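Student: Hi! Could we go through this one together?
Tutor: Sure, let's put it up and start.

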2 protein chains.
Amino acid sequence: MDYNEAKSTLSARKVKPTANRIIIYKVLSEATHPVSLTDLEIAIGTIDKASIFRTLTMFADHDLVHAFMDGSKSMKYELCVAGVHTIGDMHAHFYCEKCLKTYCLEDVRVPQANLPEGFTAHDVNYVVKGICPDCQGKL
Amino acid sequence: MDYNEAKSTLSARKVKPTANRIIIYKVLSEATHPVSLTDLEIAIGTIDKASIFRTLTMFADHDLVHAFMDGSKSMKYELCVAGVHTIGDMHAHFYCEKCLKTYCLEDVRVPQANLPEGFTAHDVNYVVKGICPDCQGKL
DNA sequence: GTAAGTATTGCAACTTATTTGCAGCATATT
DNA sequence: AATATGCTGCAAATAAGTTGCAATACTTAC
């Protein structure tokens, strides 16, 4: 995704496309794995972590990104597919215990569980932990 | 669970039943919700948090407790059902966004997703976020 | 076009939740 | 009892996320 595409996506979603936001959105769009705040801070290098944090929080409020916890200690972020952000469309994530990378299993829908009477669901987090293909067989 | 029962459970699981460990195990067994390190520190009052931390970590290694992340910032711990700690037996958790309490949905099995080729699962974390029965209708 | 108002940003400081180092005490072993 | 191993508390170090605030930048109303 180039600079302009990021910019128009932000505008389309009613988010003022500031320079920082465009960069952050672009970097997110190019990430191959869900990333943490620190990952972004390092990848970008020029934007303060507080600004990235506030931007991510705001993106999440606008359903531009999906924030979730994998098994690690840090929150992970990834772009939402355009407009899609309902529980039924959530996908699963996989956390590799060896390389500590989080995979986004786009094609694995989160299976639905039946909640007991009285509980109302807003969000579901489904994370499988284990060993990823790259790490199979490694020490 | 009383002191002696906790003690023999620890022994049965090859964990030396020190005074601290017995207390921690007992408190865990009496908790109605999964608890955090801080919850335990406060509930017990007399044991240092580093000791509780090391004990919990060790209990987790021995599959005496199950450690998992709910949507909050702190790790939650709960006793494992005796000996049962396979993926197929994992149950779901529910995190209330209003009262911030975590519920252990004992009866809700974690639905299984099919992982892509090459991934091996060791553990699954299934947390539903929303509003709990107690908080329905509250402001 | 310019002043007033609002939004965005960076810096630094703070909070929270662990996590580790280490020295002292306890327990087990020889 | 002397040694070795393990357990504990205290304090300090991390790590990640958050907030306050002053400086900029951007908008909008004259």
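**Chain contact and a helix**

Student: Which residue of β5(B) is the bridge partner of Asp123(A)?
Tutor: That is Lys129(B), which sits in β5(B). Keep in mind that this is a predicted model.

Student: And how many bridges join β5 of chain A to β5(B)?
Tutor: Eleven of them, linking residues 120-131 of chain A to β5(B). The two strands run antiparallel.

Student: What about the whole contact, how many residues does each chain put in?
Tutor: Chain A contributes 30 residues and chain B contributes 30 residues. On the chain B side, β3 (91-96), β4 (102-109) and β5 (120-131) each supply at least two residues.

Student: Which of those gives the most?
Tutor: β5(B) does, with twelve residues on the side that touches chain A.

Student: What's the chemistry of that side of chain B, nonpolar, polar or charged?
Tutor: The split is 18 nonpolar residues, nine polar and three charged.

Student: OK, symmetry now. What turn lays chain B on chain A?
Tutor: A turn of 179°, with a shift of 0.0 Å along the axis, and the RMSD is 0.2 Å. The two copies are therefore related as by a two-fold rotation axis.

Student: Which residue of chain B comes closest to that rotation axis?
Tutor: Tyr126(B), whose C-alpha is at 2.4 Å from the axis. Both copies use the same surface, too: 100% of the contact residues of chain B recur in chain A.

Student: Switching topic: α4(A). How far apart are its end C-alpha atoms?
Tutor: They are 18 Å apart. The helix covers residues 49-61, and at 1.5 Å a residue its 13 residues should span 18 Å, so the two values agree.

Student: Which of its residues are buried?
Tutor: Ile52(A), Thr55(A), Leu56(A) and Phe59(A). Those four lie on the same side of α4(A), because they cover an arc of only 100° around the axis.

Student: Why would residues three or four places apart point the same way?
Tutor: Because an α-helix has 3.6 residues a turn.

Student: And what do the buried ones pack against?
Tutor: Their partners in chain A are the helices α2 (19-30) and α3 (37-44), together with the strands β1 (65-69) and β2 (75-79).

Student: What about the other side of α4(A), which residues are exposed there?
Tutor: You'll find Ala50(A), Arg54(A) and Asp61(A) exposed on that side.

Student: Last one: which residue with a positive phi follows α4(A)?
Tutor: Asp63(A), with a phi near 60°.

Definitions and conventions:
Residues are numbered from 1 along each chain as its sequence is written. Chains are lettered from A and ligands numbered from 1 in the order in which they are written. This is a predicted model: local features need pLDDT of at least 70, side-chain atom pairs count only at pLDDT 80 or more; totals for chains, interfaces and linings use all residues. Two residues are in contact if their C-beta atoms, placed from the backbone, lie within 7 Å. Ala, Val, Leu, Ile, Met, Phe, Trp, Tyr, Cys and Pro count as nonpolar, Asp, Glu, Lys and Arg as charged, and the others, Gly among them, as polar. Two strands pair if DSSP finds at least two bridges between them. Copies are superposed by least squares on the C-alpha atoms of residues with pLDDT of at least 70 in both. The expected span of a helix is 1.5 Å times one less than its number of residues. A residue is buried if 20 or more other C-beta atoms lie within 10 Å of its own, exposed if 12 or fewer, and partly exposed in between; C-beta atoms are placed from the backbone. The arc is that of the directions from the helix axis to the C-beta atoms.
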